[in-house]
Structures are given as C-alpha cells and as structure tokens.
Amino acid sequence: MTPVLDQEKCIGCGVCVALAPKTYRFNDEGKAEVMAEIGDDDATVKSGADSCPVQAIVIE
Ligand code: SF4
C-alpha cells in the first residue's frame, strides 16, 4: 500500500501525521510528506489518507 501525497493540496492540518506517525511527517515547509520507510500497517496508512480534509493523499 503506497500513499501518494499532493503537497499542493496539503494545508498542513496535521491529521495524517497524528493518525499515522510512522507514515506521514511534516517537511520544513509545514507540508506533510510520505516517509521513505513506512512503519504503519495498511489500515493505519489508509486511515491517515481517508481523514485528510482536502483529499491530498491517494492510496495506490
Ligand atoms: Fe496535509 Fe491532509 Fe495530512 Fe492535513 S491530513 S497534513 S492536509 S496531507
């Protein structure tokens, strides 16, 4: 399960980072990004994506 995050859409709310902290993190510009090594299980990765208020994360 690979999440793809559109940083143009991200508003930096932090929901994905809070729900799946081993998958998503903030970059220096306050936008979320996907970590190179995903440490959460699939349900957690999906939960973070599904909870994004601006649908910035798509699961491939
Ligand atoms: Fe950005 Fe969406 Fe994550 Fe919020 S939940 S930080 S808007 S990617």
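1. Start with the hole in the middle of my notes: the largest cavity holds about 90 Å³ of space. Of the 15 residues lining this cavity, Cys-10, Cys-13, Cys-16, Ala-32 and Cys-52 are the closest to its centre. Keep in mind that this is a predicted model.

2. How many cavities of 30 Å³ or more are there? The count comes to 1. By class, the lining of the largest cavity has 13 nonpolar residues, 2 polar ones and no charged ones.

3. What takes up that space? The ligand does: the space it fills is the largest cavity. Around the ligand there are 13 residues, with Cys-10, Cys-13, Gly-14, Cys-16 and Cys-52 the closest. This shell splits into 11 nonpolar and 2 polar residues, with no charged ones.

4. Now for Thr-23, which sits in the loop between α1 (15–19) and β2 (24–26). Is Thr-23 buried or exposed? Its relative accessibility is 0%, so Thr-23 counts as buried. Setting aside neighbours within four places in sequence, Thr-23 has contacts with Pro-3, Glu-33, Val-34, Met-35, Ile-38, Asp-40 and Val-45.

5. Gln-55 deserves a look at its backbone. Most residues other than glycine have a negative phi. Gln-55 is not a glycine, yet its phi is positive, at about 50°. You'll find Gln-55 in the loop between α2 (42–50) and β4 (57–59). Gln-55 counts as exposed because its relative accessible area is 55%, and the cut-off for exposed is over 50%.

Notes. Residues are numbered from 1 along each chain as its sequence is written. This is a predicted model: local features need pLDDT of at least 70, side-chain atom pairs count only at pLDDT 80 or more; totals for chains, interfaces and linings use all residues. Side-chain values use heavy atoms; hydrogens and water are left out. A residue is near a molecule or strand if one of its heavy atoms lies within 4 Å of it. On a 1 Å grid over the protein atoms alone, a cavity is a set of points where a 1.4 Å probe fits but cannot get out, and a pocket is an open set with protein on both sides within 12 Å along at least five of seven lines; lining residues have an atom within 4 Å of a point. A molecule sits in a cavity or pocket if more than half of its atoms lie within 2 Å of its grid points. Ala, Val, Leu, Ile, Met, Phe, Trp, Tyr, Cys and Pro count as nonpolar, Asp, Glu, Lys and Arg as charged, and the others, Gly among them, as polar. Helices (H or I, at least four residues) and strands (E, at least two) are DSSP runs, numbered from the N terminus. Buried means under 20% relative accessible area, exposed over 50%, partly exposed in between (1.4 Å probe, protein chains only). Contact means heavy atoms within 4.5 Å. Grid points are joined across faces, edges and corners, and a volume is the space filled by probe spheres set on the points.
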